[in-house]
Amino acid sequence: MKKIAVFPGSFDPFTKGHEDIVIRGLKLFDEIIIAIGHNSKKSNRYFDVERIASLIDGTFTDFDNIKVIIYNELTAEWAKKHGAKYLLRGLRNTTDFEYENSISQVNKHLNKDLESVFLITSPELAAINSSIIREVHRYGGDVSDFLPYEI
């Protein structure tokens, strides 16, 4: 049976840190689905979701075991419908751990078969944060060092 992991997030934008988690996750999973979801805490996206999905897809053109989808439902329910038994998440720091731990517990309650797997961000990428990248981009700064594609 294939080990399918969902890597969910708003990915506004998808960073080199996210890319690193996906590539490293392929050592653990047969297939990774990068799932761009709607986050109700983030009312307006900065980057268009369709454009980001296309850019992410283009980043992984050499990998037929990485897919990119856009969804708008509970991640635990989406994973169940699509046969994914794992959630892949990256952790940069203890603040991320506290947030991700809470989400993981709720996801497990909603879908008993769903296991969360956490990878620690590579040290050289740990400072990359989508919120900061949006701010730098908004004011005309160069974000090319932080993204695996050109924006």
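A polar contact is a pair of N or O atoms within 3.5 Å. One such contact marks the start of helix H1: a side-chain oxygen of Thr 15 reaches to within 3.1 Å of the backbone nitrogen of Gly 17. The model described here is predicted.

The protein has 5 helices and 5 strands. From the N terminus on, the elements run β-α-β-α-β-α-β-α-β-α. The radius of gyration is 15 Å, close to the 15 Å that the globule rule gives for 151 residues, so the protein is as compact as a globular protein of that length. Along the principal axes, the C-alpha atoms fill a box of roughly 45 × 35 × 30 Å. Of the 151 residues, 41% count as buried. The accessible surface comes to about 8600 Å². Carbon and sulfur atoms account for 51% of that surface. Contacts often span long stretches of chain: among those between residues at least 6 apart in sequence, 80% join residues at least 24 apart.

Helix H1 covers residues 16-25. Its buried residues are Gly 17, His 18, Asp 20, Ile 21, Val 22 and Gly 25. An α-helix has 3.6 residues a turn, so residues three or four places apart point the same way. The buried residues of H1 pack against five strands and one helix. The strands are E1 (4-9), E2 (31-37), E3 (66-71), E4 (86-91) and E5 (115-120). The helix is H5 (130-138).

The largest nonpolar core holds 26 residues. Phe 7, Phe 14, Val 22, Ile 32, Ile 34, Ile 56 and Leu 88 touch the most other members. Two or more residues each come from E1, H1, E2 and helix H2 (49-59). H2 gives the most, with 4 residues. Apart from this core lies another, of 11 residues. Tyr 71, Trp 78, Ala 79 and Leu 87 are among them.

Ile 34 illustrates the packing of the largest core. Residues up to four places away in sequence are not counted here. Ile 34 touches the aromatic residues Phe 7, Phe 11, Phe 14 and Phe 60. Ile 34 also touches Val 22, Ile 56, Ile 66, Lys 67, Val 68 and Ile 69.

Val 6 lies in strand E1. Its relative accessible area is 0%, so Val 6 is buried, the cut-off being under 20%. The C-alpha atoms of Val 6 and Ile 32 are separated by 5.7 Å. Along the chain, these two residues are 26 residues apart. Neighbours within four places in sequence are again left aside. Val 6 is then in contact with Ile 33, Ala 35, Trp 78, Ala 79, Ala 84, Tyr 86, Leu 87 and Leu 88.

Aromatic rings were examined next. A search of the whole structure finds 7 aromatic pairs. In one of them, the rings of Phe 60 and Phe 63 have their centres 6.0 Å apart and their planes at 70°. Planes over 60 degrees apart count as edge-to-face, so this pair is edge-to-face. Phe 60 is buried, with a relative accessible area of 3%. Phe 63, at 30% relative accessibility, counts as partly exposed. Ring pairs link Phe 60 and Phe 63 with Phe 7, Phe 11 and Phe 14 into a cluster.

Technical notes: Residues numbered from 1 in each chain as written. Heavy atoms only, no water. Buried < 20%, exposed > 50% of the residue type's maximum accessible area, 1.4 Å probe, protein only. Contact = heavy atoms within 4.5 Å. Polar contact = N/O pair within 3.5 Å; in protein donor to acceptor, adjacent residues only side chain to side chain. Core = buried A, V, L, I, M, F, W, Y, C linked by side-chain atoms within 4.5 Å. Rg over C-alpha atoms; globule rule 2.2 N^0.38 Å. Areas by Shrake-Rupley, 256 points an atom, 1.4 Å probe, with all protein chains shown as cover. Phe/Tyr/Trp six-rings, centres within 6.5 Å; stacked < 30°, edge-to-face > 60°.
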